[in-house]
Amino acid sequence: MSKKQVKTLKPFLSIVILMSFLFVFAFIKMENRRMGYSFLKLAKKEKQLRNLKRDKRVKLAQMMDPDRVRVLATRRLPMKKASDGQIIQMTGDGIAVIQ
Amino acid sequence: MLVRGAYLQLLPNPKLEKIKTRQFSKIVQLSSRRGDILDRSGQEMAISVTTYSLFADPKIIKDPYSTAKRLSRFFDIPFKSIYSKIKNKKRRFVWIQRRLDEKTYKKIQKWDIRGLAFKEEFSRVYPHTQLAAHTLGFVGNEQQGLSGLEREYQSVLSGDGKRIHVQRDARGRPLVEDGHIFAQTPEGSDIYLTIDKELQFWVEKELRQAVEKHQAKAAWAVVLNPENSEILSMASYPVFDANKGARSKGSKMRNKVIHDVYEVGSVMKAFTIAGALKHNVVEPNTKINTENGVFRIGKRKITEADSKHNFKELTVSEVLSYSSNVGTSKIALLMTDSVLYQTLQEFGFTEKTGVDLSGEGKGLLSKPPWRDHLTANISFGQGVAVTALQLANAYAAIANGGVLHQPYLIKEIRDIDKGEVIRTEKKAIRRVLSEGNAKLMKMMLSQVVAEGGSGYTARIDGFPVAGKTGTAQRVNPDGRGYLKGAYISNFVGFVPANDPQYVIYVAIDTPKNGYYATTVAAPVFRNIAHFALRKQGATPVYMSDGNIIKSSRETAEPKDIAVKKVNLNTWKAVAEPLQKVPSLKGLTLSEVLRTLHGQDVDLHIQGRGKVAKSQPGAGELLGKNRKLKLRLSE
């Protein structure tokens with residue numbers, strides 16, 4: 001390409017570069033916004049899941065309530081409170097000690 | 001136009017800046033979530049969850065009548081109360097219903113009624129309702145702590161809210177590059193307690209049973225770790241539901257362990273004797289003339305609580321184990337009033353313990369000089385009033401070898417946002433006894449629980465127990481003297497006496513079927529101590545005929561201990577050993593387990609539902625391997 005041709009193309013190239021730059025700039029800006037919205041959406045979802053986790057923690061704690069466990073153990077299962085002498089500790093010397 | 005555009009865009013213009021800020025900025029207020037309260041092993045005791053509060057903007061509700069009708073039907077509340085709130089078009093904000101769960105929130109959202117909206121709020125939940133309610137306290141409508149730890153640690157639990165300045169778009173949505181600022185709710189610090197949830201439950205259960213059994217007015221108890229005075233359990237009965245908080249009766253909300261100051265009776269004798277040992281006034285085997293149970297001081301008479309205790313002479317150790325009022329009075333008079341006062345002061349009876357709860361009583365004890373009869377009375381726990389926590393803490397000092405510590409409830413505080421953990425260190429207040437004297441006191445207190453001692457009902461198989469009974473008359477709140485027939489039956493002690501792990505104090509207020517601590521409070525102490533040791537997995541240390549079983553496989557008898565010959569296998573199968581298979585057809589699995597409970601049977605189960613077939617069949621003999629196969633079908 002001759003120097004003259006390059007010279008005639010220069011303004012055109014400048015405009016193309018400027019336009020491309022503006023286009024890329026606008027695109028990045030838009031993309032940034034779009035990502036911001038989806039991030040916000042995901043953040044809300046995360047918050048929702050955190051809340052759900054807390055609700056589950058409460059439910060688990062309620063289910064593990066000692067009184068509830070006691071009632072279930074004695075009424076639904078054939079279990080009863082350990083009576084005196086029922087628990088035996090093995091001392092390892094061939095001796096069992098009633099607790 | 002270009003010049004004007006450049007002028008507006010590039011040159012600073014405060015007026016335009018202000019308009020822009022107003023139009024495109026938004027301040028988002030993020031309220032903080034209250035920190036959780038957890039027990040020593042991290043199990044939830046109080047937790048905050050997100051709820052949704054429904055409000056209305058009456059100005060923009062198109063049809064207040066039908067909206068009120070729908071809401072009234074949905075919430076089952078009178079139509080009038082809702083309609084009166086939303087019919088006034090001049091109002092812009094009225095609460096309809098607060099703290100709804102997510103399901104309800106979603107249902108109402110689907111109605112899509114203009115003018116109804118939600119605000120996220122936190123709600124405090126106490127999953128175990130009544131458990132440790134007096135210690136935890138509760139919060140008010142605006143999540144402010146109103147009592148207990150919730151109030152004491154309000155600033156720690158509540159945390160700081162956040163105000164975030166963000167840009168918004170034309171539709172008012174925040175333009176954020178970091179959406180996390182909305183997801184990360186600022187949180188208050190979490191508090192880990194020294195309380196053991198399981199032990200707390202057991203203590204509360206025992207107190208409830210004791211109140212029911214003895215038709216008592218109330219009961220309270222505290223369990224401490226003697227090494228550092230951390231509070232493992234603190235309970236009062238009657239209880240209240242922390243979720244209902246302020247709607248509960250005031251009398252039920254009283255934490256009697258720290259708020260109530262009362263005369264405790266003979267449990268104070270231990271401190272009189274400890275003081276006498278410390279100041280070399282007596283030794284454990286010093287003989288005291290106990291005047292056949294009646295001791296005259298001027299016009300007044302000091303008698304023994306039990307009329308059968310008309311001893312002529314007792315050693316100091318026996319004075320404690322028989323709980324002799326006369327003996328203790330004489331020791332106190334030998335000590336002088338100022339030394340007794342100093343001893344009680346050193347054990348912490350004239351000051352608050354400093355536990356991390358407000359409203360603590362500091363005890364009532366007048367300064368000497370005292371008349372002789374008052375010195376005598378104070379020596380066995382009359383004319384001196386203390387809190388349950390003060391008393392348990394003073395016993396903890398004897399149990400740990402003589403050092404008084406500050407009791408505490410908070411194990412650690414965790415700030416999740418900052419990643420900080422603040423742990424509570426044990427805080428020694430002062431040495432109140434030498435190690436030698438503390439050891440002597442432990443031995444003497446063990447004698448109280450030995451056969452013939454006043455606290456023998458507190459004994460536990462396998463563990464030496466040290467403690468002291470006390471049956472105090474209730475002071476008349478409306479005048480002088482004591483209430484007739486009203487007693488506070490209490491017991492305080494520690495287990496195992498040789499290496500104390502738990503200091504336990506129990507008080508039963510105005511029991512009706514018997515009032516002596518031996519029959520009322522000591523058995524409760526025993527049950528609590530037994531559970532605590534079992535839970536801890538402590539190895540029994542006390543060996544006697546009663547609590548030793550020898551294996552049948554052992555041929556040689558140990559020479560140094562007495563052995564009761566019981567085949568270990570008999571413990572494996574408590575019931576008559578099963579030879580033939582019983583008829584199990586049609587039984588559920590739990591019924592099968594109940595039938596075979598205690599039997600040495602190797603059970604194999606297939607399927608679900610009820611027993612359809614067994615192998616060996618019903619009536620057939622069990623094999624040598626004692627295998628029983630059950631096929632279940634629904």
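## A helix across a sheet

Axes here are lines fitted to C-alpha atoms, and the angles between them run from 0 to 180 degrees between N-to-C directions. With that in hand, a good place to begin is helix α10 of chain B, which spans residues 197–214 and lies across β9 (218–225), β10 and β21 of chain B. Relative to β10(B), helix α10 of chain B runs at about 30°. Please keep in mind throughout that this is a predicted model.

## Chain B as a whole

Chain B has 634 residues, and 42% of them are buried. Its secondary structure amounts to 21 helices and 25 strands. If you look at the contacts in chain B with a separation of 6 or more, 70% of them join residues 24 or more positions apart.

## The sheet of five strands

The strands that α10 of chain B lies across, β9, β10 and β21, belong to an open sheet of 5 strands in chain B. Reading across this sheet gives the order β10-β9-β21-β20-β19, and the pairing is antiparallel. At the edges stand β10 (230–237) and β19 (466–475) of chain B, each of which pairs on one side only. From one strand to the next, the twist averages 10°.

Let us walk in from the β19 edge. Strands β19(B) and β20(B) are joined by 9 bridges in the antiparallel sense, and in this pairing Gly467(B) sits opposite Gly493(B) of β20(B). The two strands form a hairpin with 6 residues between them. Within the turn, Gly481(B) has a positive phi of about 80°. Is β19(B) mostly covered or mostly exposed? It is mostly covered, since 7 of its 10 residues are buried.

One strand further along, β20 (residues 482–495) of chain B runs antiparallel to β21 (residues 502–509) of chain B, with 8 bridges between them. Here Asn490(B) is placed opposite Ala507(B) in β21(B). As a reminder for reading such strands, side chains in a regular strand alternate between the two faces of the sheet.

## The sheet of three strands

Further along chain B, 3 strands make up an open sheet with the order β23-β25-β24 and mixed pairing. Strands β23 (602–607) and β24 (610–615) of chain B are at the edges with a single partner strand each, so one side of each has no neighbour in the sheet. The twist in this sheet averages 25° from one strand to the next.

Between β24(B) and β25 (residues 627–633) of chain B there are 5 bridges, and these strands run antiparallel. Ser614(B) faces Leu630(B) of β25(B) across this pairing, standing opposite to it. The loop between β24 and β25 of chain B holds Pro616(B), and the peptide bond from Gln615(B) to Pro616(B) is cis, with omega near 0°.

## Two helices that cross

Helices α3 (residues 64–75) and α4 (residues 79–86) of chain B pack with their axes 9 Å apart and at an angle of about 140°. How do α3(B) and α4(B) lie to each other? Angles over 145 degrees would count as roughly antiparallel, so at about 140° the two helices are oblique. The crossing of α3(B) past α4(B) is right-handed.

On the α3(B) side, the contact is made by Pro64(B), Tyr65(B), Thr67(B), Ala68(B), Lys69(B), Leu71(B) and Ser72(B). On the α4(B) side, the residues are Phe79(B), Ile82(B), Tyr83(B) and Ile86(B). By class, this contact has 8 nonpolar, 2 polar and 1 charged residues.

## Backbone details worth a look

Most residues other than glycine have a negative phi, and most peptide bonds are trans. Against that background, some spots in chain B deserve a closer look. The peptide bond from Tyr237(B) to Pro238(B) is cis, with omega near 10°, and Pro238(B) lies in the loop between β10 and α11 (256–259) of chain B.

Ser229(B), although not a glycine, has a positive phi of about 65°; this residue is in the loop between β9 and β10 of chain B. Is Ser229(B) buried or exposed? There are 28 other C-beta atoms within 10 Å of Ser229(B), so this residue is buried, given that the cut-off is 20 or more.

Asn292(B) also has a positive phi, of about 55°, without being a glycine. Its place is in the loop between β11 (287–289) and β12 (294–297) of chain B. With 13 other C-beta atoms within 10 Å, Asn292(B) is partly exposed.

Definitions and conventions. Residues numbered from 1 in each chain as written. Chains lettered and ligands numbered in written order. Helix = DSSP H or I, 4+ residues; strand = E, 2+ residues; numbered from the N terminus. Parallel < 35°, antiparallel > 145°, perpendicular 65-115°, else oblique. Left-handed = near helix turned anticlockwise from the far one by under 90°. Contact = placed C-beta atoms within 7 Å. Nonpolar A, V, L, I, M, F, W, Y, C, P; charged D, E, K, R; others polar. Pairing = 2+ DSSP bridges. Buried ≥ 20, exposed ≤ 12 C-beta atoms within 10 Å, placed from the backbone.
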